[in-house]
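Work through the following exercises with the sequence and the structure side by side. Each task is followed by a solution in steps.

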Amino acid sequence: MSSFSVRFFAPQQPLLPSTASSFKPKTWVMAAPTTAPATSVDVDGGRLEPRVEEREGYFVLKEKFRDGINPQEKIKIEKDPLKLFMEAGIDELAKMSFEDLDKAKATKDDIDVRLKWLGLFHRRKHQYGRFMMRLKLPNGVTTSAQTRYLASVIRKYGKEGCADVTTRQNWQIRGVVLPDVPEILKGLDEVGLTSLQSGMDNVRNPVGNPLAGIDPEEIVDTRPYTNLLSQFITANSRGNPAFANLPRKWNVCVVGSHDLYEHPHINDLAYMPATKNGRFGFNLLVGGFFSAKRCDEAIPLDAWVSADDVIPLCKAVLEAYRDLGYRGNRQKTRMMWLIDELGIEVFRSEVAKRMPQKELERASDEDLVQKQWERRDYLGVHPQKQEGFSYIGIHIPVGRVQADDMDELARLADTYGSGEFRLTVEQNIIIPNVENSKLEALLNEPLLKDRFSPQPSILMKGLVACTGNQFCGQAIIETKARALKVTEEVERLVSVSRPVRMHWTGCPNTCGQVQVADIGFMGCMARDE
């Protein structure tokens with residue numbers, strides 16, 4: 001096990017004169033890039049030929065580009081994974097026994113690989129025959145009705161069933177068995193949820209400001225943009241083959257706060273609010289990512305788009321990545337590798353020519369995100385911009401909840417708020433729209449006093465942990481229980497006066513995002529005892 005700290009840097013755009021004087025200074029810390037992508041690279045014209053083509057509604061890798069491709073690409077060529085949803089292949093799989101599914105390579109690849117396009121991850125190593133299901137929850141916004149439905153799903157699986165708040169403002173539920181999946185998918189649709197295109201070589205959950213629409217200091221309400229992005233990427237939960245065959249996973253966020261709750265520097269595409277000639281829009285960062293072999297901070301695309309062009313820009317970036325991205329070694333297929341190869345200017349030109357107007361405006365110098373701002377703590381009680389209302393941030397230890405917890409959270413949201421939750425990238429939950437007259441009663445609820453405190457200890461509030469080897473076959477160590485135990489012991493021994501972000505990840509794939517922590521713990525193999 002190793003521990004280390006990595007530093008973040010703030011965006012370097014200038015402060016607006018109208019607002020610069022009102023903020024407390026603080027230096028942001030951000031993972032430094034391992035290499036600086038070249039601005040200009042000589043690229044052979046043939047390299048810019050799209051490597052995929054549309055066939056019968058799906059995008060397929062051309063035969064001439066299939067040498068040296070990785071095993072996952074071969075599986076996609078054999079059968080487009082999205083057909084399991086769009087052509088009801090999941091209904092047939094759900095009728096088969098797991099023994100029969102494992103007998104043939106095609107169906108074994110379905111359950112172990114292709115079902116990830118439906119958000120279903122087979123836990124072959126630790127929960128054979130059971131799946132984790134990852135949802136799409138743009139901006140982390142969910143409802144009490146949705147939460148009750150998810151609770152009803154996991155409750156039937158007993159000790160095998162639970163749920164986790166993820167580091168992308170999302171729910172993952174565990175214990176799911178294949179025969180139940182068609183019915184679960186119908187139930188998700190009835191409550192306005194989807195798990196579609198949430199895993200493997202797809203766009204992950206769009207992240208936004210968890211305080212969107214309620215924060216007195218917000219720059220812009222990110223919810224309309226994250227909702228539009230999610231609807232576009234999944235074709236309103238019907239399936240969108242145009243973006244279901246990317247070279248690798250792809251992350252997007254829309255920044256709406258000076259606090260950078262959205263973690264823009266670790267996203268493949270980040271929309272950074274900025275004005276230009278009196279118009280509101282976004283400067284763009286591209287290429288941020290974590291992997292086992294490399295971690296890089298997103299870099300400026302030197303481009304600005306109006307608010308009306310959020311979707312066309314996303315489409316253009318995705319098409320450039322889909323068409324030109326490398327599909328060999330999976331450790332070198334994230335979008336930053338393509339940016340490295342082409343250089344940022346050539347990559348930018350490929351994005352520009354895929355825009356409706358065939359061009360991109362250069363970045364604005366009127367960035368609205370303040371580079372000196374003390375990140376606010378959203379845990380506890382805070383006033384909303386709506387007079388007479390507050391939101392309350394509650395700590396979910398390492399993000400793990402059970403069915404009864406979810407039902408009780410839904411009751412609290414209905415009783416004291418507006419039946420809504422916000423999930424955060426730190427694996428916590430915010431209950432918005434609480435009338436101030438109801439705050440005392442809410443704070444005295446047993447769930448908040450005994451399980452999910454609005455005022456956790458200073459080390460617990462910065463604790464994040466991935467799934468670990470309790471369920472994940474790639475994890476080398478157990479993380480969640482260990483993270484809690486170690487933190488409790490450290491608190492007994494050490495007194496600290498300011499928050500410390502401690503992140504645990506079970507393996508070098510770093511789902512626990514140790515690179516953005518003050519102290520990061522990564523599971524690894526030792527050479528001897």
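**Exercise 1. Locate E56 and V398, and decide for each whether the residue is buried or exposed.**

Step 1. E56 sits in the loop that links β2 (52-55) and β3 (58-61). The model is a predicted one.

Step 2. The relative accessible area of E56 is 77%. The cut-off for exposed is over 50%, so E56 is exposed.

Step 3. V398 belongs to the loop between β17 (389-394) and β18 (400-401). Its relative accessibility is 2%. Buried means under 20%, so V398 counts as buried.

Step 4. Now look at the backbone. E56 has a phi near 50°, a positive value in a residue other than glycine. For V398, phi is near 50° and positive, and V398 is a residue other than glycine.

**Exercise 2. Describe the surroundings of N209 and of S195 in the loop between α7 and α8.**

Step 1. Place the residues. N209 lies between α7 (181-190) and α8 (223-234), in the loop. S195 is found in the loop between α7 and α8.

Step 2. Check burial. N209 has 0% relative accessibility and therefore counts as buried. S195, with a relative accessible area of 2%, is buried.

Step 3. Find the polar contacts. From N209 the side chain reaches the backbone nitrogen of L211 at 3.0 Å. From S195 the side chain reaches the backbone oxygen of L118 at 2.7 Å.

Step 4. List neighbours, leaving aside residues within four places in sequence. The contacts of N209 include N139, Q169, D215, E218 and Y261. S195 touches, among others, W117, L118, G119, M133 and L188.

Step 5. Compare sequence and space for one pair. S195 and K116 are 79 residues apart in sequence, while their C-alpha atoms are 9.4 Å apart.

**Exercise 3. Which residues of α7 are buried, and what do they pack against?**

Step 1. The buried residues of α7 are V181, P182, I184, L185, G187 and L188.

Step 2. Consider their spacing. An α-helix has 3.6 residues a turn, so residues three or four places apart point the same way. Among the buried residues of α7, check I184 and L188 with this rule in mind.

Step 3. The partners of these buried residues are α3 (89-95), β4 (120-122), β5 (130-134), α6 (144-155) and β8 (171-177).

Step 4. Follow the chain out of the helix: just after α7, G192 takes a positive phi of about 80°.

**Exercise 4. Find the angle between the helices of each of three pairs, and classify it.**

Step 1. Take α8 and α9 (residues 310-324). Their axes come within 10 Å and cross at roughly 45°. That angle makes α8 oblique to α9. The crossing is right-handed. Y225, L228, L229 and F232 of α8 meet V310, I311, C314 and K315 of α9.

Step 2. Take α9 and α10 (residues 335-342). The angle is about 80° and the axes are 10 Å apart. Angles from 65 to 115 degrees count as roughly perpendicular, so α9 is roughly perpendicular to α10. V317, A320, Y321 and L324 of α9 make the contact with M335, L338 and L342 of α10.

Step 3. Take α6 and α12. They pack at an angle of about 165°, with axes 8 Å apart. The cut-off for roughly antiparallel is over 145 degrees, so α6 is roughly antiparallel to α12. Here α6 passes α12 in a left-handed crossing. Residues of α6 in this contact include S144, T147, L150 and A151, and those of α12 include A403, M406, D407 and A410.

**Exercise 5. How many residues does the largest nonpolar core have, and which have the most contacts inside it?**

Step 1. Start from a general point: in soluble globular proteins, nonpolar side chains tend to be buried together.

Step 2. The largest nonpolar core has 58 residues, and L115, W171 and L178 have the most contacts inside it. Helix α12 (residues 403-416) gives the most to this core, with six residues.

Step 3. A second, separate core has 47 residues, including I69, F232, F282 and F289.

Step 4. Return to L178. Its contacts, leaving aside neighbours within four places in sequence, include I90, L93, F98, L115 and F131.

Conventions. Residues numbered from 1 in each chain as written. Predicted model: local features only at pLDDT ≥ 70, side-chain atom pairs only at ≥ 80, totals over all residues. Heavy atoms only, no water. Helix = DSSP H or I, 4+ residues; strand = E, 2+ residues; numbered from the N terminus. Buried < 20%, exposed > 50% of the residue type's maximum accessible area, 1.4 Å probe, protein only. Polar contact = N/O pair within 3.5 Å; in protein donor to acceptor, adjacent residues only side chain to side chain. Contact = heavy atoms within 4.5 Å. Core = buried A, V, L, I, M, F, W, Y, C linked by side-chain atoms within 4.5 Å. Axes fitted to C-alpha atoms, helices over the stretch in contact; angles between N-to-C directions. Parallel < 35°, antiparallel > 145°, perpendicular 65-115°, else oblique. Left-handed = near helix turned anticlockwise from the far one by under 90°.
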